[in-house]
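Student: Could you take me through one part of this model closely, and say what each term you use stands for?

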Amino acid sequence: MVKLNLREKLVLLLLFVAIIPFLAITLYWYHASQSSLKNNAVTEQKSIVLNAAYTVNNYITSNVQVLRTQSQSIKIQSFNENGVINSLQNLIKQNTDIQTLTLANSNGQVILDINRKGVLNTHTNISNESAYRAVTSSGAKQFIEPITFNNKQPPILTIAVPIAQSDSKQNLSQTNIGPSRSKTTNKNLGVLIETTNFNNLWHRVLSQDNIGNNNIYIVDSRGNLITYRNMVYQKDLHYIRQGPIIQAFVKNPLSQIMPVLLTTENGIKVLSSYKQINITKWGIIAEEPTSAIFASINHTAIVSSISFIVVVTLVLVIAYFVSRRLTKPILDLANGITLISQGKLDTRITNNSNDEIGKMIKSFNKMSFDLGLLVQKIRKEANNGDTILNNVSEGIIAVDANEKVLLANVSAASLIGKKPDDMIGQQLKNLYNWTENDSNFKPDLSQEQHYREITLTNNLHRISYIDILINPIDKDPSGIKTIILIIDNTKERELDNMKVDFVSMAAHELRTPLTAIRGYLDLMAHDEILKSSDSMRNYFEHMEANSLQLVSLINNLLNVSRIERNALRYNPEKLSWNEVLRKVISDQQFMAKSKKISLVYEGPEEDVFILAEQITIQEVINNLISNSINYTDIGGHVIVKLELNEEKVITKVIDDGIGIPQANQPYLFTKFYRVRSGLNSGSGGTGLGLFIAKSIVEMHGGSISVESEEGKGSTFTVILPKFNEDRYNEIIRNRPFNTRHKYGWITKDTSR
């Protein structure tokens, strides 16, 4: 495509503004005039064809009428030769179109044959001629013989009428080519035959004042040319029978065709139509060349074309000078904008005009000044933004729709041992090797997500533990599609591991002296001297109870350590769950009765089997029942309810105790969490029981939850899978030979 500069576009614009209206008006006038001339020509030709057909029909009808009148004269019927000669010579003199008149008797013997030069041969016999036979043998009232063509002579019209004594009132409307279908009953005395040329007929047709530029000619029913304006050329025009208008007449002669535009057999465009002549069934054909129809506007079109060229020339000259004056300051402005885009913000344009362009240039100069100040401010803010971004501890990455990195800070780059600039334009998947649960991981960047506990391994095989936050962005002008926030939890995880290691080490170290203390306490408790003193025996009982509580705390700390390290294992077996529940309820009855609390079981009596480790799963229920008893007032109720559905075993521990505040419930199953309210009265636990219970239930593939309302009681729900034979067989097959793991602990240390 050709690119035009501003001056060329302005010249074209002025040219179009000046020329298009002129051209549109001229074309509209031309088409309107052409349509009007065509409509006028159609109306005119239609009238011409009708008048011409009427003229020819009347002319031939008149000739037939005159000839029939002559046939009724007494001189003709008496065959008086002298009288007949005078009558027929007078008829020839009156009608200059008549070539010959022939009188024959009933035997076909010619009585008289006369033309303009005199009497011809009178001894011939015409009984075998078609005209004679038509009005004698067939009994026709008149006969118009079809035209016969001779290249040496022009066509001749032959008319024959019978000579009958009582035929004076025959109806001329029955005149037709060929014999009439109705026969006369009168005596036929002979035949009167007339031959006529077409000179006078043609002059009559062409004598119409409104014939205009139309070419009119006559053809017979087969399309043969009968007569034409210039009879000299008639013999050369026989080929026109192949023309479209003549073919239309031959195929459908009865209806007059409306004038239509056609192309003749010699390639000339004409307006043409036809009309059938009733008496002879010939056709009047009219053709008017379109060049003649539109001749009046062709001259005007030439004048308009010359005017158009002159106007275009003047517009081009004016447009050149106008565009030169207008485009120079605009081009200066464009160059100034180019320099501004190249960073030359001190660019200024000189112009002293006070018109709109001068005002625009002044605005440009002010804009370039303000833009310089703005760019300085933006650069300063950008530097501040980069400083803040690169000092954020979390990794920040911006990617486009194709997951190519558009922006990265130092923290994000340091995770993989690169610089931020080295990451720009790289595919995100080629930079970060993420895994989740030892499987390759790819975050979904199309929606907001928060991925936890993701492992990142860099090129130096250094492992980082991270969280990933995905935040999609819609319609960002810079092309950013997603912001990725990477939170490095490696140090926190290492610190947690150190805490777990410390707790595990401390618990193990405490068990040794605690075991010795308990051993000495047992020895002292069996000493007869010490046992004899009630006060000493009371002291020993308190010391033994506290030592047992300390053992429980140490065991719980060790199990928390195992859970944190994911080192807690269990050895499942097929258990009757309702039997386990009844055993735990039986063990807790002593504690319940001491507070006058009703502890009952509700559920099916038949065995309900689960796949679980008895000691660990039993301690979960033991912990929940113990908590319900501890936090239920004297005289309250605790119900252990067992429900079943298709795949789950649902166990509920329901009490009407003091309940748990709504704000504390989300944190109830976390480590070391204790409710700081009236709930902690009577309990000296460390907040590990429910955390351990939740871990055990989840280890068994189940879930634990709580519903509680303060002052109305609590419901703890444990959902476990039903026993599955296939799963059990798989565990048995994969279990090491002679291996047994049992982990139990004392759960007197409550968690709420």
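Tutor: What follows is a close look at one open sheet and the helices beside it, after a short word on conventions.

This is a predicted model, in which local features need pLDDT of at least 70 and side-chain atom pairs count only at pLDDT 80 or more, while totals for chains, interfaces and linings use all residues. Residues are numbered from 1 along each chain as its sequence is written, and side-chain values use heavy atoms, with hydrogens and water left out.

As a setting, the protein chain has 19 helices and 25 strands, where helices (H or I, at least four residues) and strands (E, at least two) are DSSP runs numbered from the N terminus. Of its 752 residues, 40% are buried, a term that stands for under 20% relative accessible area, with exposed meaning over 50% and partly exposed the range in between (1.4 Å probe, protein chains only).

The part in question is an open sheet of five strands, ordered β20-β22-β23-β25-β24, with mixed pairing; two strands are taken to pair if DSSP finds at least two bridges between them. Because β20 (598-602) and β24 (703-709) each have a single partner strand, they stand at the edges, and one side of each is left without a neighbour in the sheet. On average, neighbouring strands here are turned by 15° against each other, direction ignored; axes are lines fitted to C-alpha atoms, for helices over the stretch in contact, and angles run from 0 to 180 degrees between N-to-C directions.

Within this sheet, strand β23 (residues 648-655) and strand β25 (residues 713-721) run antiparallel and are joined by eight bridges, with T651 standing opposite V718 in β25. On the edge side, β24 and β25 also pair in the antiparallel sense, over seven bridges, and here S703 stands opposite I719 in β25. These two strands, β24 and β25, form a hairpin with three residues between them, and G711 in the turn has a positive phi of about 90°. Side chains alternate along β24: I704, V706 and S708 are buried and point to one face, whereas S703, S705, E707 and E709 point to the other and are not buried.

Two helices lie across strands of the sheet. Helix α16 (residues 577-594) lies across β20, β22 (637-644), β23 and β25, and runs at about 170° to β20, whereas helix α18 (residues 689-699) lies across β24 and β25, running at about 25° to β25; contact means heavy atoms within 4.5 Å.

The packing can be followed through the nonpolar cores, each a set of buried Ala, Val, Leu, Ile, Met, Phe, Trp, Tyr and Cys residues joined through side-chain atoms within 4.5 Å. The largest such core has 50 residues, and I60, Y217, W282 and I284 have the most contacts inside it. A second, separate core of 39 residues includes V584, I621, L668 and I704, and I704 is one of the buried residues of β24.

Helix α17 (residues 614-630) completes the picture. At 1.5 Å a residue its 17 residues should span 24 Å, and its end C-alpha atoms are 24 Å apart, which agrees; the expected span is 1.5 Å times one less than the number of residues. Helix α17 is mostly covered, since 14 of its 17 residues are buried.
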